[in-house]
Amino acid sequence: MNSVLNQTGVHVRVLVIDDASDDNTAEVAAALSRDDRRVTVVRHNKNRGHISTYNEGIEWASADYMLLLSADDYLLPGALNRATDLMDAHPEAGFTFGNAIELRGSGNQRPIRSTTGRTRVIEGHEYIELSGAENLVATCTAVVRTELQKRLGGYRHELPHTGDMEMWLRFAAHSSVGFISAYQGVYRQHTANMSTAFYFISDGQVVYTKSGRLADLQQRKSALNCFSEQCDTLRLRDEHVGRMLYQRLSELAVGRASAAFNDGEMDESEQLSEFAVSVWPPIKSSPAWLKLAVKRWVGVRTWRAVRPATAAIRAVGKALN
């Protein structure tokens, strides 16, 4: 909260939504509201989940720009001023994002730099191609144009794990995207993060699980499916964009199938490779698929024996290049 209220060069209002927390959030939020008229607090008697809470905040917002900031995260000085300056200068930009710092429970920090390089405005189709089946945006750095957010609608309940990924694709299909080559926010990573788990919708209920690689890819596919359903009405320059997204997801699945093989998780590796083919059948002609096939042919023990040698050969090749 202080990281928002202490931002300079912008006028801010803050809505705190306490989604039936079982700690002292209510008392802390009430004290902040008493001390600062810019703070409004809403407390839920029953937990409604993060998607409903996000959408409640979107409905409340009325300023030119808005930001969703989870309780785990915080902004860095000047973040909002940098974002709004860029968007004021470029009305075509529907949202901006920047670099982030990951703060782990141990106290260690890890910079998360985007692949987009310098501060600039990116055409929507370019952002979609850069993103592919990944999410380039640390949500704690994403400042959006409120009018466009309301026009595009809120987060999807059927995407509890990848709603942000789909949201940024949705924005990019309707606008340009601003990137700020500065550290804009801090993302706290710890075992209690909702993002360390995976969520599914089953019979209308959110199912919580800790299982990993395949679950994540399935949610990414759901996000791409939701995005693809809108493609007929979206401002996409190239018809191949939809196919490209599924191809990139398939390639990601093969990479994870290979990693699972290296870990000795044969059943998981097989499930991941089957998923890759179901998403994009031509993946079976790719070099990554052929490499995985060779690894399976030689067997996990033999592969583990020769793996250090192949890694050394690759390292020498990179050095020579």
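**View 1. Ala20 in this predicted model is partly exposed.** The relative accessibility of Ala20 is 24%. That value falls between the 20% limit for buried and the 50% limit for exposed, so Ala20 is classed as partly exposed. Ala20 sits in the loop that links strand 1 (14-18) and helix 2 (25-35). Its backbone is also notable here: phi of Ala20 is near 60 degrees. This is a positive phi in a residue other than glycine.

**View 2. Ser114 is a buried loop residue.** The loop in question runs between strand 6 (109-112) and strand 7. Ser114 has a relative accessible area of 18%. Buried means under 20%, so Ser114 counts as buried. Leaving out residues up to four places away in sequence, Ser114 touches Phe97, Asn99 and Phe179. Ala100 lies 14 residues from Ser114 along the chain. The C-alpha atoms of Ser114 and Ala100 are 8.5 Å apart.

**View 3. Helix 4 has a buried side and a face turned away from it.** Helix 4 spans residues 79-89. Its buried residues are Ala79, Leu80, Ala83, Thr84, Leu86 and Met87. These cover an arc of only 160 degrees around the axis, so they lie on the same side of helix 4. Asp88 and Ala89 are exposed and belong to the face turned away from that buried side. What do the buried residues of helix 4 pack against? Their partners are strands: strand 3 (65-67), strand 4 (74-75), strand 5 (93-104), strand 7 (120-122), strand 8 (143-145) and strand 9 (176-189).

**View 4. Helix 9 packs against helix 10.** Helix 9 covers residues 241-262, and helix 10 covers residues 266-279. Their axes are 8 Å apart and make an angle of about 165 degrees. Angles over 145 degrees count as roughly antiparallel, so helix 9 is roughly antiparallel to helix 10. The crossing of the pair is left-handed. From helix 9, the contact uses Tyr246, Leu249, Ser250, Ala253, Val254, Arg256, Ala257, Ala260 and Phe261. From helix 10 come Met266, Glu268, Ser269, Leu272, Ser273, Phe275, Ala276 and Val279. By class, the contact of helix 9 with helix 10 holds twelve nonpolar, three polar and two charged residues.

**View 5. Ser250 is a buried residue of helix 9.** Is Ser250 buried or exposed? Its relative accessibility is 0%, so Ser250 counts as buried. Neighbours within four places in sequence are set aside for the contacts that follow. Ser250 then contacts Ala276, Val279, Trp280 and Ile283. Ala276 and Val279 are among the helix 10 residues that meet helix 9.

**View 6. Helix 9 also packs against helix 11.** Helix 11 spans residues 287-298. The axes of helix 9 and helix 11 are 10 Å apart, at an angle of about 20 degrees. Angles under 35 degrees count as roughly parallel, so helix 9 is roughly parallel to helix 11. This crossing is left-handed. Helix 9 contributes Val254, Ala257, Ser258, Phe261 and Asn262. Helix 11 meets them with Ala288, Trp289, Leu292, Lys295 and Arg296. The contact of helix 9 with helix 11 is made up of six nonpolar, two polar and two charged residues. Val254, Ala257 and Phe261 of helix 9 appear in the contact with helix 10 and in the contact with helix 11.

Note on methods: Residues numbered from 1 in each chain as written. Predicted model: local features only at pLDDT ≥ 70, side-chain atom pairs only at ≥ 80, totals over all residues. Heavy atoms only, no water. Axes fitted to C-alpha atoms, helices over the stretch in contact; angles between N-to-C directions. Helix = DSSP H or I, 4+ residues; strand = E, 2+ residues; numbered from the N terminus. Parallel < 35°, antiparallel > 145°, perpendicular 65-115°, else oblique. Left-handed = near helix turned anticlockwise from the far one by under 90°. Contact = heavy atoms within 4.5 Å. Nonpolar A, V, L, I, M, F, W, Y, C, P; charged D, E, K, R; others polar. Buried < 20%, exposed > 50% of the residue type's maximum accessible area, 1.4 Å probe, protein only. Arc of directions from axis to C-beta.
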